[in-house]
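Please open the model in a viewer and keep the sequence panel visible. The tour begins at one loop and then widens to the whole chain.

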Amino acid sequence: MPSRKPAEDRKAEIVGALLRLADRIGPDRLTTNDIAREIGITQAAIFRHFPTKAELWLAVAEVVAQRLEAAWLQALAEAATPQDRLRALIAAQLLQIETCPALPAILHSRELNAENAALRDRFRGLLLRFQGHLADTIDDMAAAGAIGSAVRSPDAAVLLTSLVQGVAIRWSLGSRGFALQTEGLRLFEVQLGLLAGKVGAG
């Protein structure tokens, strides 16, 4: 018989299993039966904690959101200069993807894009907050003369977000054959040089 756990502990266990399995077999193929087998409980036990699969996915989104937002706040608090803060934000985002490798697949899954509007909206809100942190930091860099004044911070934030997403997808499709954070930060420095007008000059 599976051991009885406090409800919050069991919920956390279910969410953790979902994230592991979403990485292993893909979020669109994942079933509640798979999750039940993974942690040794019945499917009915999952539905006692999450009455619908949509609610389970929303719980996953909340866990991911808490991790991301904590990582962004730490990055902003610990870096001294605007340029260091920008680099720290990118590094934090890449590290969270490395820590939760199912994230790119979840963000591009049918579950997110078609079947669960609340989940889609939650992740869109997260993306906009991340871009807001980037844009604010880029504005601080422009004020300090560290980046060209002609650069529009919302556009630069979208470029940097796209850089993170692109390298994460390449990492995922390439069987994680390179260090995501190392490669992402290397490309970030190239992008930063372009924004500052230092790449290709002369």
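Select first the loop between α9 (153-173) and α10 (180-195), where Ser175 lies; helices are DSSP runs of H or I with at least four residues, strands are runs of E with at least two, and both are numbered from the N terminus. This is a predicted model, in which local features need pLDDT of at least 70, side-chain atom pairs count only at pLDDT 80 or more, and totals for chains, interfaces and linings use all residues. Residues are numbered from 1 along each chain as its sequence is written, and side-chain values use heavy atoms, with hydrogens and water left out.

Within this loop, display the backbone of Ser175: its phi is near 55°, a positive value in a residue other than glycine. Most residues other than glycine have a negative phi. Ser175 counts as exposed because its relative accessibility is 66%; exposed means over 50% relative accessible area, buried under 20%, and partly exposed in between (1.4 Å probe, protein chains only).

Move next to Arg176, which is also placed in the loop between α9 and α10. Arg176 is not a glycine, yet has a positive phi of about 55°. With 35% relative accessibility, Arg176 counts as partly exposed.

Now select the whole chain. It holds 10 helices and 0 strands, and its C-alpha atoms fill a box of roughly 70 × 30 × 30 Å along the principal axes. Colouring by accessibility shows the buried share, 42% of the 202 residues.
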